[in-house]
Amino acid sequence: MYDVAIIGAGPAGASAAIFTAKAGKKTVLIDHDKSMTKRAWVENHYGVMEITGPDLVETGKKQAVKFGAELVNEQVVDITKEETGFLIQTDKAVFKTKHVIFATGIATDLAEKIGVNTKSGTEPRIKTVIDVDASGRTNVDGIWAAGTVAGVSVHTIITAGDGAKVAINIISELNGERYVDHDVLKG
């Protein structure tokens, strides 16, 4: 069983996976390779002079895998709540997990199907988002959302930060105390 399954490997999802995997949480990152970031040219991401959206997405996936996340290139078709977590069905396999993070960009249909509340979006062209609290929790215990699908700005740096925030909150819950990931320069 996974501790965390993340659906979507754009900036929010990959960022969440980097943090959960680096914290030693068994993480699966499920992606169908259709991130809206793949159409972006990015010049406003702190620490990066300029990068194509596809390169940013691929770098994020590589970072998540480096820390131990399992990257699965499949389409999620269904999610079922069980007593001890969730079953995520893709077009090829089934994954069991304790927590789910939706980082699905503009797609809310799977979340709605399992009973997650949605609301009207505030960003241009984003009609519906998942209703979350300040920590990224939804109304369904164990299901979280991060990034554009959770109603934050579509900018990559903001969605990446939101994914990290949600991951830290899940890690803290799993650990039973506030988690901080802060590396120190060795010198």
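Isoleucine 143, leaving aside neighbours within four places in sequence, is in contact with Phe86, Val100, Phe102, Ile114, Val116, Arg137 and Thr138. The coordinates discussed here belong to a predicted model. Ile143 is also one of the residues with the most contacts inside the largest nonpolar core, a set of 23 residues in which Ile79, Ile88 and Phe102 share that description. Several elements build this core: β1 (2-7), β2, β6 (76-82), β7 (85-90), β8 (94-102), α3 (109-113) and β11 (143-145) each supply at least two of its residues. Another core lies apart from it and has 18 residues, among them Ala9, Ala17, Leu29 and Ala167.

Helix α1 may be considered next. Ten of its twelve residues are buried, so the helix is largely enclosed by the rest of the structure. The buried residues are Pro11, Ala12, Gly13, Ala14, Ser15, Ala16, Ala17, Ile18, Thr20 and Ala21. Their cover includes two helices, α2 and α4, together with the strands β1, β2 and β8. The geometry of α1 can be checked against its length: at 1.5 Å a residue, the twelve residues should span 16 Å, and the end C-alpha atoms are 16 Å apart, which agrees. Just after α1, glycine 24 takes a positive phi of about 85°.

Pro11 of this helix also appears in the surroundings of threonine 156. Threonine 156 has its place in helix α4. Because its relative accessible area is 7%, under the 20% limit, threonine 156 counts as buried. Beyond its neighbours within four places in sequence, threonine 156 is in contact with Pro11, Thr37, Val42, His45 and Leu56. Histidine 45, one of these partners, lies in the loop between β3 and β4 (51-52). This histidine is likewise buried, with a relative accessible area of 14%. With neighbours within four places again left aside, histidine 45 is in contact with Leu56, Thr156 and Ile157. Leu56 is thus listed for threonine 156 and for histidine 45. As for a more remote position, the C-alpha atoms of histidine 45 and glutamate 123 are separated by 19 Å, the two residues being 78 apart along the chain.

The charged side chains form a further part of the picture. The structure holds ten salt bridges. One of them joins aspartate 181 to lysine 22, with a distance of 2.8 Å from N to O. This pair links distant parts of the chain, 159 residues apart: aspartate 181 belongs to the segment after α4 (156-175), whereas lysine 22 belongs to helix α1 (residues 11-22). Aspartate 181 is partly exposed, with a relative accessible area of 22%, and lysine 22 is partly exposed as well, at 26%.

Lysine 61 takes part in two of the pairings described here. Its side chain meets that of aspartate 33 in a salt bridge of 3.4 Å, N to O. That pair again links distant parts of the chain, since lysine 61 lies in helix α2 (residues 53-66) and aspartate 33 in the loop between β2 (27-31) and β3 (41-42), 28 residues apart. Lysine 61 also forms a salt bridge with glutamate 58, the closest N and O atoms being 3.4 Å apart. Here both partners lie in helix α2, three residues from each other, or about one turn of the helix. Lysine 61 counts as buried because its relative accessibility is 5%, under the limit of 20%. Its partners are partly exposed: aspartate 33 has a relative accessible area of 40%, and glutamate 58 has one of 32%. Asp31, Asp33, Glu58 and Lys61 are linked in a network of salt bridges.

Aromatic rings enter the account in two ways. A search of the whole structure finds one aromatic pair. In addition, the charged end of lysine 26 sits over the ring of tyrosine 2, at 4.8 Å from its centre.

Technical notes: Residues are numbered from 1 along each chain as its sequence is written. This is a predicted model: local features need pLDDT of at least 70, side-chain atom pairs count only at pLDDT 80 or more; totals for chains, interfaces and linings use all residues. Side-chain values use heavy atoms; hydrogens and water are left out. A salt bridge is a side-chain nitrogen of Lys or Arg within 4 Å of a carboxyl oxygen of Asp or Glu. Helices (H or I, at least four residues) and strands (E, at least two) are DSSP runs, numbered from the N terminus. Buried means under 20% relative accessible area, exposed over 50%, partly exposed in between (1.4 Å probe, protein chains only). A nonpolar core is a set of buried Ala, Val, Leu, Ile, Met, Phe, Trp, Tyr and Cys residues joined through side-chain atoms within 4.5 Å. Contact means heavy atoms within 4.5 Å. Rings of Phe, Tyr and Trp (its six-membered ring) pair if their centres lie within 6.5 Å; planes under 30 degrees apart count as stacked, over 60 as edge-to-face and the rest as tilted. A charge sits over a ring if NZ of Lys or CZ of Arg is within 6 Å of the ring centre and within 35 degrees of the ring normal. The expected span of a helix is 1.5 Å times one less than its number of residues.
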